Amino acid sequence: MKLTFKLVLLLAAFFIVSFKVNAQEGKVTFSLDEALQYATQHSYVLQNSKKDITIAEKKVWETISIGLPQVSGSANYNAFLNLPVTLLPGEFFGGEPGTYVPVKFGQDFSSDFGLSVNQLIFDGSYIIGVGSVQLYVNLSKQRYEKTAIDIREAVTQAYYLVLIGERYKAVMEDNLRNVEKTYRETKIMYENGFREEQDVEQIQLVLRNAESEVSKADREVKISKTVLKYTMGYNIETDIQLTDEIEKFLQPLEAKQNSSQFDFSNHIDYRLAASNFEVSEKLLGIEKVEYLPKLNGFYSYSKNAYGNDANLFNSKTSWYPSSLVGLQMTLSIFNSGQKRSKVQQAKIEVEKAENDVLLTEQTLQKDYLTAVAQMESALETFDNDKENRELAERIRTKTKIKFDNGMSTSTELTQIENQYIDAYRALVNSTLQLLQADLKLKKATGSL
């Protein structure tokens, strides 16, 4: 069957939208939102966490089915190699008193099949268990939510590292081009007798340092991309290109004051601690109801056949039915304090879980206040390093002009060049610290 031209266009459009392949670069592109979405669908950690939810949902029916009728069947076929012998008094058969006659009872072959039905009528632990199954599912979903938050944090941080690394690499490449130009000009001036050999060697030293910085920055970008792809669950050997610019994430942080609202009751860590407390209370309830009796109803039906012929399934063989219905109640009367000890342990676990809730509340408040302070400090450091970098760039430009006009030495130019690189490196570090502080604040407030 041939595809229509319209269908071909639709398929092509779908391919372009789905994979966003850059035609010129031959690379798959990702914005931060797309990287986060991809990680949500492909992260191995999240996939396993999602499977835990499915397991929990299956566990619900497993628990419920315990209280539903349980039907089982059985079938047996027996062949006696030697029938059991019973000794009967000899006088029963006209013999002397005190003597015994060996007699074999039974047939060489026997067979039976049957059906049994069991129904739980009352079990306190089952009642509590059925009431708790949804809590088990919710707990699995909350763990998935926390795992997803951790993955988003890791992907975002790795994305930031790549952007910062690429920006630093671009600046170092631009700096290398400027140094190469200065080196060529200085060498020409030396060859024409306007510069000393030391000036050429000094600039050559700066050139080598600039080349080293570019190589180092290139390796850092490759490492950061590898970490990002690994965190996303993306093929590590396939190259990717990031479409977002670092300013997209920095400008909102520079423009706004801290307006984050904090409500620890909505935080995933607090909700997990509260769920664990509920689980501990349910487990305590299960241990308490173990003192109550358990009641089961049962019914069984079977047929039996006997004979000296191995073939018991012929038409001459008689099958004898039997059936039974009844109730069974079990009650623990004395267990040497075992149940009491379990109840006491469960009570302690409830107290521990309650303490964990209080501890989580205090920890979240501490983390929030710490994150706010770190955010303010990181923003202040970033602003300061940004101004220092701009100042270092202006000084470098002026020093370069002086050097070109013979008003500055190569040693001074080298020092200013190193000062500029140090200033930019400090700005890179403070940029990363600012973005990380923003991530911590979002995670502390539960908005990540």
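Let's start with E351. This residue sits in helix α8. Keep in mind that we are looking at a predicted model.

What does E351 belong to at the surface? A negative patch, formed by E278, E281, E351 and E354. Two elements each give two or more residues to that patch. They are α7, residues 268-289, and α8, residues 338-404.

Now to salt bridges. How many are there? The count comes to 26. Let me pick out one pair, D218 and K222. Their side chains meet in a salt bridge, at 3.4 Å from N to O. Where do D218 and K222 lie? Both are in helix α5, which covers residues 197-232. They are four residues apart, and that is about one turn of the helix.

Last topic: confidence. The mean pLDDT of the protein is 87. A pLDDT of 70 or more is reached by 93% of the residues. Residues 1-25 are another matter, with pLDDT below 50. In the model, this stretch has 15 contacts beyond near neighbours in sequence. Take care there: where pLDDT is low, the predicted coordinates should not be read in detail.

Key
Residues are numbered from 1 along each chain as its sequence is written. This is a predicted model: local features need pLDDT of at least 70, side-chain atom pairs count only at pLDDT 80 or more; totals for chains, interfaces and linings use all residues. Side-chain values use heavy atoms; hydrogens and water are left out. pLDDT is the predictor's confidence in each residue, from 0 to 100. Contact means heavy atoms within 4.5 Å. Patches are made of residues with over 30% relative accessible area and no salt bridge: like charges are joined within 9 Å, nonpolar side chains (Val, Leu, Ile, Met, Phe, Trp, Tyr) within 5 Å. Accessible areas come from the Shrake-Rupley method with a 1.4 Å probe; for residues, only the protein chains shown count as cover. A salt bridge is a side-chain nitrogen of Lys or Arg within 4 Å of a carboxyl oxygen of Asp or Glu. Lys and Arg count as positive and Asp and Glu as negative; His and the chain ends are not counted. The place of a charge is taken as NZ of Lys, CZ of Arg, CG of Asp or CD of Glu.
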